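User: I am in my first year and would like a close look at one part of this structure, the strands and the aromatic residues they carry. Please go through it step by step.

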Amino acid sequence: SSPSLVVVGLTYRQSQGAHIADNRGNTWTQCTKYEGSGNQSGVVFYYCINPTIGAGLTICNTDGGGTSNFGGISVFAFSGTATSSPLDQQNGKFTASVSASETPGSITPTGNDYVVLTTCMNYNGSAPTIPSGYSGFNWTTATAFAGGCGYKIQTTAAAENPSWGNMNTGGNAALNVISFKVYTAPAAATNGAFFFRMLD
């Protein structure tokens, strides 16, 4: 089935900014940014309701920096999600004092079977470990910007504070977590999930 919701997890260097656009003219809603300053880490989610997709779809960060942005774009498509005000809860943080494992802060989805996603960016580190129970991607660049993004369908509503591991304590990090509502049936990933890393 066609997706009712596409969510983009964007990691970026704060000095270069973060703004999503595509070649289909879809409307993207920006969620809360969690970021440091200058060359420090930043993370943000964007989402699109009832998107126009298909072969040749291109999604990019349109803000400056080009190949020096050192960011990543993770794209997830879901069916069965709410098509009116789908955003449920969100939380996140930036920290310059990184521990070996880090969490973005807790959220509690307001209903069962909601979609939960989390993103992490860790400057001066290796690829962080995806939190337990999440499916997704992790990566690192030649210039030591590292990140990842993952999702889960939370069958029973409960507090969620995903823990990212393999964090570099000598760097800085930004993390977030977000949930989206379902319509009637449980949400499901559709057409898979895709990851794109910007060139370093």
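Analyst: What follows goes from one strand to its partners, then to the aromatic pairs, the open sheet and a few single residues. The model is predicted, so every value below describes a prediction.

Start with strand β1, residues 5-13. How many residues of β1 are buried? The count is 9 of the 9, so the strand is largely enclosed by the rest of the structure. In general, side chains in a regular strand alternate between the two faces of the sheet. In β1, Leu5, Val7, Gly9, Thr11 and Arg13 point one way, while Val6, Val8, Leu10 and Tyr12 point the other way. Both sets are buried.

Which strands pair with β1? One partner is β5, which runs antiparallel to β1 and is joined to it by 9 bridges. Within this pairing, Thr11 stands opposite Val43 in β5. Another partner is β7, also antiparallel, with 7 bridges to β1. Here Val7 stands opposite Phe76 in β7. As background, strands of a sheet pair through backbone hydrogen bonds, either parallel or antiparallel.

Both partner strands lead to the aromatic residues. The structure has 5 aromatic pairs. One of them joins Tyr47 and Phe180, with ring centres 5.3 Å apart and 70° between the planes, an edge-to-face arrangement. Why does this pair tie together distant parts of the sequence? Tyr47 lies in β5 (residues 41-49) and Phe180 in β12 (residues 173-180), so the pair links parts that are 133 residues apart in sequence. Tyr47 and Phe180 are both buried.

Another pair, Phe76 and Phe137, is tilted, with 6.0 Å from centre to centre and 50° between the planes. Phe76 belongs to β7 (residues 72-79) and Phe137 to β10, and the two are 61 residues apart, so this pair also links distant parts of the chain. Is each of these two rings' residues buried or partly exposed? Phe76 has 1% relative accessibility and therefore counts as buried. Phe137 has a relative accessible area of 23%, so it is partly exposed. The cut-off for buried is under 20%. Phe76 and Phe137 also belong to one aromatic cluster, together with Phe78 and Tyr151.

Phe137 brings us to the sheet that holds β10. In what order do the 5 strands of this open sheet stand? The order is β8-β12-β9-β11-β10, with antiparallel pairing. β8 and β10 stand at the edges with a single partner strand each, so one side of each has no neighbour in the sheet. Neighbouring strands of this sheet are turned by 5° against each other on average, direction ignored. At one edge, β10 and β11 pair in the antiparallel sense over 6 bridges. In that pairing, Ser135 stands opposite Tyr151 in β11, and Tyr151 is one of the residues of the aromatic cluster.

Next come the loops between these strands. Trp164 is found in the loop between β11 (145-154) and β12. Its relative accessibility is 0%, so Trp164 counts as buried. What does the side chain of Trp164 contact? A polar contact of 3.0 Å joins it to the side chain of Thr118. Trp164 and Cys120 are 44 residues apart in sequence, while their C-alpha atoms are 7.5 Å apart in space.

Two other loop residues have a positive phi although they are not glycine. Asp113 has phi near 65° and is found in the loop between β8 (87-95) and β9 (114-123). Asn124 also has phi near 65°, and is found in the loop between β9 and β10 (135-140). With a relative accessible area of 35%, Asn124 is partly exposed.

Last, the cysteines. A disulfide is a covalent bond between the sulfur atoms of two cysteines. How many disulfides does a search of the whole structure find? The search finds 0. Cys31 is buried, with a relative accessible area of 5%, and Cys149 is buried as well, with a relative accessible area of 1%.

How values were computed:
Residues numbered from 1 in each chain as written. Predicted model: local features only at pLDDT ≥ 70, side-chain atom pairs only at ≥ 80, totals over all residues. Heavy atoms only, no water. Helix = DSSP H or I, 4+ residues; strand = E, 2+ residues; numbered from the N terminus. Buried < 20%, exposed > 50% of the residue type's maximum accessible area, 1.4 Å probe, protein only. Phe/Tyr/Trp six-rings, centres within 6.5 Å; stacked < 30°, edge-to-face > 60°. Pairing = 2+ DSSP bridges. Polar contact = N/O pair within 3.5 Å; in protein donor to acceptor, adjacent residues only side chain to side chain. Disulfide = S-S within 2.5 Å. Axes fitted to C-alpha atoms, helices over the stretch in contact; angles between N-to-C directions.
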